[in-house]
Amino acid sequence: MSHKRQLHLGLFLFSTGYHPAGWRLPEAVTDGAFDPQFLYRVAAKLEEAKFDFFFLGDRLATSVDEQYTFPSQMVRMEPFTMLSYLAAITKKIGLIVTVNTTYAEPYHVARMTASLDHLSGGRLAWNVVTGADTRAALNFSREKHWDNAKRYDYADEFVGVVKELWDTWEDDVFLRNKETGEYVDKSKVHTINHVGDQFSIAGPLNVARPPQGQIPLLSAGTSERSQELGAQFSTAIFTGEIVLEEAKKFYAGIKGKLSKYGRQPEELFIMPGLVPLVGRTEEEARAKYVELSQLLVTDFNVTSLSNRLGLDLTGYPLDGPLPDLSLSGLPIDKVKSLVGLAQRASGHEDITVRELFYYFAATARGHLLVVGDPEQVADQIEEWFVEEAADGFNICPPYMYDGLDLFVDLVVPVLQRRGLFRTEYEGSTFREHFGLSRPNNRFTNNATALQGAVH
Ligand SMILES: Cc1cc2nc3c(=O)[nH]c(=O)nc-3n(C[C@H](O)[C@H](O)[C@H](O)COP(=O)(O)O)c2cc1C
(Lines give C-alpha, C1' and ligand atoms only; values in the text may rest on other atoms or scores of the structure.)
Protein backbone atom coordinates (compact mmCIF):
# COMPACT_ATOMS: atom_id res chain seq x y z
CA MET A 1 0.00 0.00 0.00
CA SER A 2 1.32 3.45 -0.88
CA HIS A 3 2.36 5.70 2.00
CA LYS A 4 2.14 9.00 0.12
CA ARG A 5 -0.60 11.19 1.58
CA GLN A 6 -3.68 10.63 -0.57
CA LEU A 7 -6.91 12.51 -0.84
CA HIS A 8 -10.10 10.80 0.38
CA LEU A 9 -13.47 11.37 -1.23
CA GLY A 10 -16.93 10.44 -0.05
CA LEU A 11 -20.46 11.24 -1.09
CA PHE A 12 -22.79 12.98 1.35
CA LEU A 13 -26.14 11.94 -0.09
CA PHE A 14 -28.95 14.41 -0.70
CA SER A 15 -31.39 12.83 -3.11
CA THR A 16 -32.57 16.22 -4.38
CA GLY A 17 -29.08 17.72 -4.37
CA TYR A 18 -27.43 20.00 -1.83
CA HIS A 19 -28.53 23.23 -3.44
CA PRO A 20 -32.00 24.07 -2.10
CA ALA A 21 -33.25 24.56 -5.68
CA GLY A 22 -31.21 21.72 -7.18
CA TRP A 23 -34.22 19.53 -7.83
CA ARG A 24 -36.00 22.29 -9.80
CA LEU A 25 -33.54 22.22 -12.70
CA PRO A 26 -35.24 20.72 -15.76
CA GLU A 27 -32.72 17.88 -15.95
CA ALA A 28 -32.72 17.05 -12.21
CA VAL A 29 -34.03 13.87 -10.60
CA THR A 30 -36.76 14.73 -8.12
CA ASP A 31 -37.92 11.37 -6.77
CA GLY A 32 -34.73 9.57 -5.75
CA ALA A 33 -35.47 9.46 -2.01
CA PHE A 34 -37.53 6.27 -2.10
CA ASP A 35 -36.22 4.71 -5.27
CA PRO A 36 -33.79 1.77 -5.05
CA GLN A 37 -32.81 2.36 -8.68
CA PHE A 38 -31.62 5.83 -7.73
CA LEU A 39 -29.36 4.37 -5.02
CA TYR A 40 -28.12 1.76 -7.46
CA ARG A 41 -27.28 4.38 -10.09
CA VAL A 42 -25.46 6.60 -7.59
CA ALA A 43 -23.52 3.75 -5.96
CA ALA A 44 -22.34 2.45 -9.33
CA LYS A 45 -21.04 5.88 -10.25
CA LEU A 46 -19.18 6.20 -6.95
CA GLU A 47 -17.49 2.83 -7.30
CA GLU A 48 -16.53 3.68 -10.87
CA ALA A 49 -14.80 6.78 -9.43
CA LYS A 50 -13.20 4.74 -6.58
CA PHE A 51 -14.76 6.89 -3.89
CA ASP A 52 -13.90 5.98 -0.30
CA PHE A 53 -17.45 6.02 0.98
CA PHE A 54 -21.15 6.58 0.58
CA PHE A 55 -22.39 8.57 3.60
CA LEU A 56 -25.97 8.69 4.85
CA GLY A 57 -26.87 11.33 7.42
CA ASP A 58 -29.98 11.06 9.57
CA ARG A 59 -32.35 13.09 11.69
CA LEU A 60 -35.17 11.97 13.93
CA ALA A 61 -37.73 14.69 13.26
CA THR A 62 -39.09 16.65 10.35
CA SER A 63 -41.36 19.46 9.30
CA VAL A 64 -43.01 20.43 6.06
CA ASP A 65 -41.39 23.88 6.30
CA GLU A 66 -38.17 22.30 5.05
CA GLN A 67 -39.58 21.81 1.57
CA TYR A 68 -38.11 25.06 0.28
CA THR A 69 -34.74 24.63 1.92
CA PHE A 70 -33.97 20.95 2.26
CA PRO A 71 -36.54 18.61 0.74
CA SER A 72 -34.26 15.57 0.80
CA GLN A 73 -33.79 15.93 4.53
CA MET A 74 -37.50 16.51 5.11
CA VAL A 75 -38.50 13.06 3.93
CA ARG A 76 -36.20 10.08 3.31
CA MET A 77 -35.48 6.46 4.17
CA GLU A 78 -33.90 5.08 7.32
CA PRO A 79 -30.12 4.64 6.92
CA PHE A 80 -29.55 1.08 8.25
CA THR A 81 -32.22 -0.18 5.89
CA MET A 82 -30.74 1.71 2.95
CA LEU A 83 -27.25 0.50 3.72
CA SER A 84 -28.35 -3.14 3.89
CA TYR A 85 -29.44 -2.71 0.31
CA LEU A 86 -26.31 -0.81 -0.67
CA ALA A 87 -24.12 -3.48 0.92
CA ALA A 88 -25.70 -6.03 -1.39
CA ILE A 89 -25.31 -4.07 -4.61
CA THR A 90 -21.77 -2.73 -4.13
CA LYS A 91 -18.40 -4.43 -3.73
CA LYS A 92 -15.74 -2.01 -2.54
CA ILE A 93 -17.08 1.32 -1.39
CA GLY A 94 -17.20 2.17 2.31
CA LEU A 95 -20.67 2.69 3.81
CA ILE A 96 -21.34 5.19 6.59
CA VAL A 97 -24.38 4.98 8.78
CA THR A 98 -25.39 7.83 11.09
CA VAL A 99 -26.66 6.88 14.53
CA ASN A 100 -27.78 9.43 17.07
CA THR A 101 -26.74 8.11 20.48
CA THR A 102 -29.14 10.38 22.38
CA TYR A 103 -32.11 8.28 21.30
CA ALA A 104 -30.55 4.85 21.02
CA GLU A 105 -29.47 1.83 23.08
CA PRO A 106 -25.87 0.56 22.87
CA TYR A 107 -26.80 -3.11 22.60
CA HIS A 108 -29.09 -2.42 19.62
CA VAL A 109 -26.49 -0.26 17.91
CA ALA A 110 -23.69 -2.78 18.50
CA ARG A 111 -25.83 -5.52 16.91
CA MET A 112 -26.96 -3.49 13.93
CA THR A 113 -23.55 -2.11 13.09
CA ALA A 114 -21.81 -5.47 13.56
CA SER A 115 -24.42 -7.15 11.35
CA LEU A 116 -24.00 -4.57 8.63
CA ASP A 117 -20.22 -4.91 8.80
CA HIS A 118 -20.68 -8.66 8.19
CA LEU A 119 -23.13 -8.12 5.35
CA SER A 120 -20.83 -5.63 3.64
CA GLY A 121 -17.61 -7.59 4.13
CA GLY A 122 -16.10 -5.01 6.46
CA ARG A 123 -17.12 -1.81 4.74
CA LEU A 124 -19.10 -0.07 7.49
CA ALA A 125 -18.28 3.04 9.51
CA TRP A 126 -20.50 4.74 12.08
CA ASN A 127 -21.04 8.50 12.16
CA VAL A 128 -21.67 9.20 15.85
CA VAL A 129 -23.98 12.17 16.34
CA THR A 130 -25.74 13.40 19.44
CA GLY A 131 -28.46 15.19 17.52
CA ALA A 132 -28.59 18.47 15.68
CA ASP A 133 -32.38 18.48 15.81
CA THR A 134 -33.96 19.34 19.15
CA ARG A 135 -37.45 18.37 17.90
CA ALA A 136 -36.43 14.71 18.08
CA ALA A 137 -37.26 14.74 21.82
CA LEU A 138 -40.94 15.00 20.97
CA ASN A 139 -40.76 11.80 18.93
CA PHE A 140 -39.12 9.82 21.72
CA SER A 141 -41.40 10.45 24.69
CA ARG A 142 -39.17 13.18 26.12
CA GLU A 143 -40.02 16.74 26.96
CA LYS A 144 -36.70 18.21 25.94
CA HIS A 145 -33.57 17.50 23.92
CA TRP A 146 -30.72 17.05 26.41
CA ASP A 147 -28.11 19.77 26.73
CA ASN A 148 -24.64 19.37 25.23
CA ALA A 149 -23.01 18.07 28.44
CA LYS A 150 -25.64 15.40 29.04
CA ARG A 151 -25.64 14.32 25.39
CA TYR A 152 -21.88 13.86 25.34
CA ASP A 153 -21.72 12.18 28.79
CA TYR A 154 -24.17 9.69 27.35
CA ALA A 155 -22.36 9.43 23.99
CA ASP A 156 -18.92 8.89 25.52
CA GLU A 157 -20.10 5.98 27.63
CA PHE A 158 -22.29 4.69 24.77
CA VAL A 159 -19.38 4.49 22.35
CA GLY A 160 -17.12 2.84 24.91
CA VAL A 161 -19.69 0.12 25.59
CA VAL A 162 -20.38 -0.56 21.92
CA LYS A 163 -16.68 -0.94 21.25
CA GLU A 164 -16.42 -3.46 24.08
CA LEU A 165 -19.46 -5.39 22.88
CA TRP A 166 -17.93 -5.75 19.39
CA ASP A 167 -15.03 -7.64 20.99
CA THR A 168 -17.07 -10.08 23.04
CA TRP A 169 -16.54 -12.93 20.57
CA GLU A 170 -12.90 -13.58 19.79
CA ASP A 171 -11.99 -14.05 16.14
CA ASP A 172 -11.20 -17.76 16.48
CA VAL A 173 -14.11 -18.60 18.78
CA PHE A 174 -15.94 -20.80 16.27
CA LEU A 175 -14.99 -24.49 16.37
CA ARG A 176 -18.01 -25.91 14.54
CA ASN A 177 -16.67 -29.34 15.37
CA LYS A 178 -19.07 -31.89 13.92
CA GLU A 179 -17.42 -34.74 15.83
CA THR A 180 -17.54 -33.29 19.33
CA GLY A 181 -20.61 -31.10 18.84
CA GLU A 182 -18.77 -28.05 20.12
CA TYR A 183 -19.88 -25.06 18.09
CA VAL A 184 -17.75 -22.49 19.92
CA ASP A 185 -14.85 -22.37 22.34
CA LYS A 186 -16.61 -20.98 25.38
CA SER A 187 -13.41 -19.52 26.83
CA LYS A 188 -13.40 -17.10 23.89
CA VAL A 189 -16.81 -15.58 24.53
CA HIS A 190 -16.84 -12.70 27.01
CA THR A 191 -19.24 -10.79 29.13
CA ILE A 192 -18.50 -7.13 29.75
CA ASN A 193 -20.55 -6.54 32.91
CA HIS A 194 -20.45 -2.81 32.33
CA VAL A 195 -21.92 -0.67 35.08
CA GLY A 196 -21.58 3.06 34.50
CA ASP A 197 -23.46 6.31 35.06
CA GLN A 198 -25.70 5.74 32.04
CA PHE A 199 -25.80 2.03 31.30
CA SER A 200 -25.57 -1.36 32.85
CA ILE A 201 -24.90 -4.00 30.22
CA ALA A 202 -23.81 -7.57 30.75
CA GLY A 203 -22.98 -8.83 27.27
CA PRO A 204 -21.90 -10.76 25.35
CA LEU A 205 -23.27 -9.48 22.07
CA ASN A 206 -25.12 -12.09 20.02
CA VAL A 207 -23.31 -11.16 16.81
CA ALA A 208 -19.79 -12.36 15.97
CA ARG A 209 -16.94 -9.85 16.03
CA PRO A 210 -17.27 -7.56 12.99
CA PRO A 211 -14.92 -8.31 10.07
CA GLN A 212 -13.09 -5.05 10.75
CA GLY A 213 -12.69 -6.01 14.42
CA GLN A 214 -13.55 -2.50 15.46
CA ILE A 215 -15.85 -0.60 13.12
CA PRO A 216 -14.37 2.85 12.39
CA LEU A 217 -16.15 5.78 13.99
CA LEU A 218 -16.71 9.23 12.57
CA SER A 219 -18.02 12.34 14.19
CA ALA A 220 -19.31 15.66 13.02
CA GLY A 221 -20.16 17.93 15.93
CA THR A 222 -18.88 21.44 16.32
CA SER A 223 -18.80 21.70 20.12
CA GLU A 224 -15.68 21.20 22.24
CA ARG A 225 -17.08 17.91 23.60
CA SER A 226 -17.66 16.59 20.11
CA GLN A 227 -14.13 17.47 19.09
CA GLU A 228 -12.80 15.58 22.11
CA LEU A 229 -14.93 12.56 21.26
CA GLY A 230 -13.59 12.75 17.71
CA ALA A 231 -9.97 13.10 18.85
CA GLN A 232 -10.35 10.08 21.10
CA PHE A 233 -12.28 7.69 18.87
CA SER A 234 -12.85 8.89 15.30
CA THR A 235 -11.23 7.85 12.07
CA ALA A 236 -12.61 10.92 10.38
CA ILE A 237 -14.24 14.17 11.41
CA PHE A 238 -16.78 15.78 9.13
CA THR A 239 -16.90 19.52 9.29
CA GLY A 240 -18.44 22.50 7.58
CA GLU A 241 -15.66 25.02 6.94
CA ILE A 242 -15.80 27.54 4.12
CA VAL A 243 -12.88 29.89 4.81
CA LEU A 244 -9.44 28.36 4.17
CA GLU A 245 -7.67 30.02 7.10
CA GLU A 246 -10.35 28.88 9.55
CA ALA A 247 -10.32 25.38 8.12
CA LYS A 248 -6.56 25.22 8.66
CA LYS A 249 -7.00 26.28 12.27
CA PHE A 250 -9.67 23.64 12.83
CA TYR A 251 -7.46 21.00 11.21
CA ALA A 252 -4.42 21.89 13.31
CA GLY A 253 -6.54 22.15 16.46
CA ILE A 254 -8.00 18.65 16.13
CA LYS A 255 -4.71 17.06 15.13
CA GLY A 256 -3.11 18.76 18.14
CA LYS A 257 -5.52 16.98 20.50
CA LEU A 258 -4.57 13.48 19.34
CA SER A 259 -1.38 12.95 21.34
CA LYS A 260 -3.45 13.23 24.52
CA TYR A 261 -5.17 10.00 23.45
CA GLY A 262 -1.96 8.28 22.30
CA ARG A 263 -2.84 8.74 18.64
CA GLN A 264 -0.87 9.97 15.63
CA PRO A 265 -2.02 12.83 13.34
CA GLU A 266 -2.28 10.46 10.36
CA GLU A 267 -4.80 8.27 12.19
CA LEU A 268 -7.56 10.88 11.93
CA PHE A 269 -8.83 12.41 8.70
CA ILE A 270 -10.46 15.85 8.53
CA MET A 271 -13.14 15.97 5.87
CA PRO A 272 -15.04 19.19 5.20
CA GLY A 273 -18.04 19.21 2.89
CA LEU A 274 -17.61 20.47 -0.67
CA VAL A 275 -20.37 21.41 -3.11
CA PRO A 276 -18.82 21.23 -6.59
CA LEU A 277 -20.74 23.08 -9.27
CA VAL A 278 -18.77 21.85 -12.26
CA GLY A 279 -19.15 22.86 -15.89
CA ARG A 280 -17.32 21.61 -18.96
CA THR A 281 -16.22 25.24 -19.19
CA GLU A 282 -16.16 28.03 -16.64
CA GLU A 283 -18.99 29.78 -18.52
CA GLU A 284 -21.15 26.67 -18.36
CA ALA A 285 -20.59 26.36 -14.61
CA ARG A 286 -21.43 30.02 -14.00
CA ALA A 287 -24.55 29.81 -16.14
CA LYS A 288 -25.73 26.81 -14.09
CA TYR A 289 -25.01 28.71 -10.88
CA VAL A 290 -27.16 31.65 -12.06
CA GLU A 291 -29.91 29.28 -13.19
CA LEU A 292 -29.93 27.56 -9.78
CA SER A 293 -29.87 30.86 -7.92
CA GLN A 294 -32.89 32.12 -9.82
CA LEU A 295 -34.83 28.98 -8.92
CA LEU A 296 -34.55 29.59 -5.15
CA VAL A 297 -37.88 30.13 -3.43
CA THR A 298 -37.02 33.07 -1.19
CA ASP A 299 -38.33 36.34 0.18
CA PHE A 300 -34.76 37.73 0.31
CA ASN A 301 -34.87 38.19 4.06
CA VAL A 302 -31.32 39.33 4.86
CA THR A 303 -31.43 38.83 8.65
CA SER A 304 -29.34 35.68 8.90
CA LEU A 305 -26.92 36.84 6.20
CA SER A 306 -26.48 40.14 8.09
CA ASN A 307 -25.73 38.20 11.28
CA ARG A 308 -23.25 36.01 9.51
CA LEU A 309 -21.33 38.98 8.11
CA GLY A 310 -21.76 41.24 11.14
CA LEU A 311 -23.12 43.78 8.68
CA ASP A 312 -26.71 45.02 8.59
CA LEU A 313 -27.85 44.68 4.98
CA THR A 314 -31.42 45.76 5.64
CA GLY A 315 -32.55 48.58 3.38
CA TYR A 316 -29.80 48.17 0.79
CA PRO A 317 -31.26 47.70 -2.71
CA LEU A 318 -30.93 44.06 -3.81
CA ASP A 319 -29.48 45.04 -7.15
CA GLY A 320 -27.20 47.72 -5.76
CA PRO A 321 -23.58 47.44 -4.55
CA LEU A 322 -22.56 46.02 -1.16
CA PRO A 323 -22.18 48.44 1.75
CA ASP A 324 -18.71 49.36 2.99
CA LEU A 325 -17.38 46.10 4.49
CA SER A 326 -15.45 47.97 7.20
CA LEU A 327 -18.82 48.71 8.83
CA SER A 328 -18.94 45.06 9.90
CA GLY A 329 -18.57 44.15 13.54
CA LEU A 330 -16.36 41.19 12.50
CA PRO A 331 -12.64 41.36 11.72
CA ILE A 332 -12.30 42.80 8.23
CA ASP A 333 -10.23 39.86 6.94
CA LYS A 334 -12.98 37.46 7.89
CA VAL A 335 -15.68 39.52 6.17
CA LYS A 336 -13.53 39.91 3.08
CA SER A 337 -12.97 36.14 2.97
CA LEU A 338 -16.68 35.44 3.22
CA VAL A 339 -17.61 38.02 0.59
CA GLY A 340 -14.70 36.74 -1.52
CA LEU A 341 -16.37 33.34 -1.75
CA ALA A 342 -19.46 34.90 -3.31
CA GLN A 343 -17.30 37.01 -5.65
CA ARG A 344 -15.36 33.96 -6.76
CA ALA A 345 -18.54 31.97 -7.39
CA SER A 346 -20.13 34.86 -9.31
CA GLY A 347 -16.95 35.39 -11.36
CA HIS A 348 -16.62 39.13 -10.66
CA GLU A 349 -15.78 41.49 -7.78
CA ASP A 350 -18.56 44.06 -8.03
CA ILE A 351 -21.29 41.72 -6.78
CA THR A 352 -24.70 43.01 -5.74
CA VAL A 353 -26.52 42.33 -2.48
CA ARG A 354 -28.66 39.83 -4.42
CA GLU A 355 -25.59 37.92 -5.63
CA LEU A 356 -24.22 37.83 -2.11
CA PHE A 357 -27.56 36.54 -0.88
CA TYR A 358 -27.63 33.81 -3.53
CA TYR A 359 -24.25 32.44 -2.49
CA PHE A 360 -25.12 32.17 1.18
CA ALA A 361 -28.58 30.78 0.49
CA ALA A 362 -26.89 28.02 -1.52
CA THR A 363 -24.49 27.25 1.33
CA ALA A 364 -26.82 27.91 4.25
CA ARG A 365 -26.07 24.48 5.66
CA GLY A 366 -22.40 25.30 5.96
CA HIS A 367 -20.47 23.65 3.15
CA LEU A 368 -18.16 25.27 0.63
CA LEU A 369 -19.68 25.85 -2.81
CA VAL A 370 -17.13 26.00 -5.62
CA VAL A 371 -18.14 27.03 -9.14
CA GLY A 372 -15.82 26.35 -12.07
CA ASP A 373 -14.42 24.15 -14.80
CA PRO A 374 -12.80 20.82 -13.83
CA GLU A 375 -9.31 22.29 -13.39
CA GLN A 376 -10.59 25.16 -11.24
CA VAL A 377 -12.52 22.84 -8.96
CA ALA A 378 -9.51 20.49 -8.72
CA ASP A 379 -7.29 23.50 -7.90
CA GLN A 380 -9.43 24.37 -4.88
CA ILE A 381 -9.43 20.78 -3.68
CA GLU A 382 -5.68 20.56 -4.08
CA GLU A 383 -5.14 23.89 -2.31
CA TRP A 384 -7.11 22.79 0.77
CA PHE A 385 -5.39 19.40 0.77
CA VAL A 386 -1.84 20.74 0.39
CA GLU A 387 -2.40 23.58 2.87
CA GLU A 388 -3.61 21.04 5.45
CA ALA A 389 -7.12 22.33 5.73
CA ALA A 390 -8.50 18.95 4.66
CA ASP A 391 -7.48 15.32 4.19
CA GLY A 392 -10.35 14.83 1.81
CA PHE A 393 -13.89 15.96 1.12
CA ASN A 394 -17.41 14.94 1.70
CA ILE A 395 -18.77 15.71 -1.75
CA CYS A 396 -22.29 17.18 -1.77
CA PRO A 397 -23.47 17.38 -5.40
CA PRO A 398 -25.66 20.45 -5.87
CA TYR A 399 -28.18 18.48 -7.96
CA MET A 400 -28.64 14.93 -9.23
CA TYR A 401 -27.52 13.21 -11.35
CA ASP A 402 -25.42 15.65 -13.35
CA GLY A 403 -24.00 17.41 -10.29
CA LEU A 404 -22.40 14.10 -9.32
CA ASP A 405 -21.63 12.84 -12.83
CA LEU A 406 -19.77 15.97 -13.87
CA PHE A 407 -17.62 15.75 -10.76
CA VAL A 408 -16.86 12.06 -11.30
CA ASP A 409 -16.34 12.27 -15.06
CA LEU A 410 -14.38 15.52 -15.20
CA VAL A 411 -12.82 16.41 -11.83
CA VAL A 412 -11.82 12.98 -10.48
CA PRO A 413 -9.62 12.26 -13.56
CA VAL A 414 -7.82 15.57 -12.98
CA LEU A 415 -7.18 14.63 -9.35
CA GLN A 416 -5.97 11.20 -10.46
CA ARG A 417 -3.68 12.72 -13.10
CA ARG A 418 -2.19 14.96 -10.42
CA GLY A 419 -1.47 11.89 -8.30
CA LEU A 420 -3.81 13.02 -5.54
CA PHE A 421 -6.47 10.34 -5.75
CA ARG A 422 -6.44 6.57 -6.30
CA THR A 423 -7.13 5.04 -9.70
CA GLU A 424 -7.96 1.62 -8.24
CA TYR A 425 -9.14 0.36 -4.88
CA GLU A 426 -6.17 -1.10 -3.03
CA GLY A 427 -8.26 -2.69 -0.30
CA SER A 428 -11.79 -3.93 0.31
CA THR A 429 -12.71 -2.64 3.75
CA PHE A 430 -13.38 0.83 5.09
CA ARG A 431 -10.23 0.55 7.21
CA GLU A 432 -8.16 -0.43 4.20
CA HIS A 433 -9.38 2.54 2.17
CA PHE A 434 -7.97 4.74 4.93
CA GLY A 435 -4.79 2.68 5.42
CA LEU A 436 -5.75 1.57 8.93
CA SER A 437 -4.82 -1.80 10.39
CA ARG A 438 -7.29 -4.18 12.02
CA PRO A 439 -7.09 -3.86 15.82
CA ASN A 440 -6.50 -6.79 18.12
CA ASN A 441 -9.34 -7.98 20.29
CA ARG A 442 -8.99 -6.52 23.79
CA PHE A 443 -9.98 -9.86 25.32
CA THR A 444 -7.57 -12.08 23.39
CA ASN A 445 -4.79 -13.40 25.66
CA ASN A 446 -5.99 -11.07 28.36
CA ALA A 447 -6.04 -12.88 31.68
CA THR A 448 -8.28 -10.37 33.42
CA ALA A 449 -10.87 -10.44 30.69
CA LEU A 450 -10.92 -14.19 30.61
CA GLN A 451 -12.32 -14.16 34.11
CA GLY A 452 -15.42 -12.70 32.51
CA ALA A 453 -15.75 -15.64 30.11
CA VAL A 454 -19.19 -17.20 29.89
CA HIS A 455 -19.52 -20.64 31.39
C1 LIG B 1 -20.98 17.15 7.70
C2 LIG B 1 -21.86 17.04 8.90
C3 LIG B 1 -22.85 16.08 8.90
C4 LIG B 1 -23.72 15.96 9.99
N5 LIG B 1 -24.69 15.03 9.93
C6 LIG B 1 -25.57 14.94 10.95
C7 LIG B 1 -26.64 14.02 10.88
O8 LIG B 1 -26.80 13.30 9.90
N9 LIG B 1 -27.50 13.98 11.91
C10 LIG B 1 -27.37 14.78 13.03
O11 LIG B 1 -28.18 14.67 13.95
N12 LIG B 1 -26.36 15.66 13.11
C13 LIG B 1 -25.48 15.77 12.10
N14 LIG B 1 -24.47 16.67 12.17
C15 LIG B 1 -24.38 17.49 13.38
C16 LIG B 1 -23.53 16.91 14.49
O17 LIG B 1 -22.86 15.78 14.24
C18 LIG B 1 -23.87 17.05 15.97
O19 LIG B 1 -24.51 15.92 16.46
C20 LIG B 1 -24.67 18.23 16.28
O21 LIG B 1 -24.10 19.32 15.66
C22 LIG B 1 -24.78 18.44 17.78
O23 LIG B 1 -23.52 18.33 18.39
P24 LIG B 1 -22.61 19.56 18.74
O25 LIG B 1 -23.35 20.33 19.79
O26 LIG B 1 -21.36 18.96 19.25
O27 LIG B 1 -22.41 20.30 17.45
C28 LIG B 1 -23.59 16.82 11.10
C29 LIG B 1 -22.59 17.79 11.08
C30 LIG B 1 -21.72 17.91 10.01
C31 LIG B 1 -20.66 18.96 10.03
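How many cavities of 30 Å³ or more does the structure hold? The structure, a predicted model, holds one.

## The cavity

The largest cavity encloses about 140 Å³ of space. Its lining is made up of 14 residues, and those closest to the centre are Leu13, Leu56, Ser72, Arg76 and Met82.

Two helices, α1 (36-49) and α3 (79-89), each supply at least two residues of this lining. By class, the lining residues of the largest cavity divide into nine nonpolar, four polar and one charged.

## The ligand site

The ligand is surrounded by 19 residues, of which Asp58, Asn148, Tyr152, Thr222 and Ser223 come nearest. Sorted by class, the shell around the ligand contains eleven polar, six nonpolar and two charged residues.

Polar contacts to oxygen atoms of the ligand involve both backbone and side-chain atoms of the protein. On the side-chain part, an N or O atom of Asn148 is 3.2 Å from a ligand oxygen. On the backbone part, an N or O atom of Thr130 lies 3.2 Å from an oxygen atom of the ligand, and a polar backbone atom of Ala220 is 3.5 Å from a ligand oxygen. The ligand taken alone exposes 620 Å², and the protein buries 86% of that.

Which elements give two or more residues to the shell around the ligand? They are α5 (148-166) and β8 (234-239). The helix α5 gives the most, with three residues. Asn148, whose side chain makes one of the polar contacts, is at the start of the range of α5.

## The annotated domain

The UniProt record, an unreviewed entry, carries the annotation "domain: Luciferase-like" for residues 24-387. Over residues 24-387 the chain is 40% helix and 12% strand. The C-alpha atoms at the two ends of that range are 36 Å apart.

## Backbone details

Most peptide bonds are trans, and most residues other than glycine have a negative phi. The following places in the model depart from that pattern.

The peptide bond from Gly203 to Pro204 is cis, with omega near -5°. Pro204 belongs to the loop between β6 (200-201) and β7 (217-219). Another cis peptide bond joins Met400 and Tyr401, where omega is about 0°. Tyr401 is in the loop between β11 (392-395) and α13 (402-417).

What is the sign of phi in Lys50, positive or negative? Lys50 has a positive phi, near 65°, although the residue is not a glycine. Lys50 is found in the loop between α1 and β2 (53-55). The helix on one side of this loop, α1, also supplies residues to the lining of the largest cavity.

Key. Residues numbered from 1 in each chain as written. Predicted model: local features only at pLDDT ≥ 70, side-chain atom pairs only at ≥ 80, totals over all residues. Heavy atoms only, no water. Near = heavy atom within 4 Å. Polar contact = N/O pair within 3.5 Å; in protein donor to acceptor, adjacent residues only side chain to side chain. Areas by Shrake-Rupley, 256 points an atom, 1.4 Å probe, with all protein chains shown as cover. Helix = DSSP H or I, 4+ residues; strand = E, 2+ residues; numbered from the N terminus. Nonpolar A, V, L, I, M, F, W, Y, C, P; charged D, E, K, R; others polar. 1 Å grid on protein atoms, 1.4 Å probe; cavity = no way out; pocket = protein on both sides within 12 Å on 5 of 7 lines; lining within 4 Å. Points joined across faces, edges and corners; volume = space filled by probe spheres on them. UniProt positions renumbered as here; feature names shortened; annotations may be inferred.
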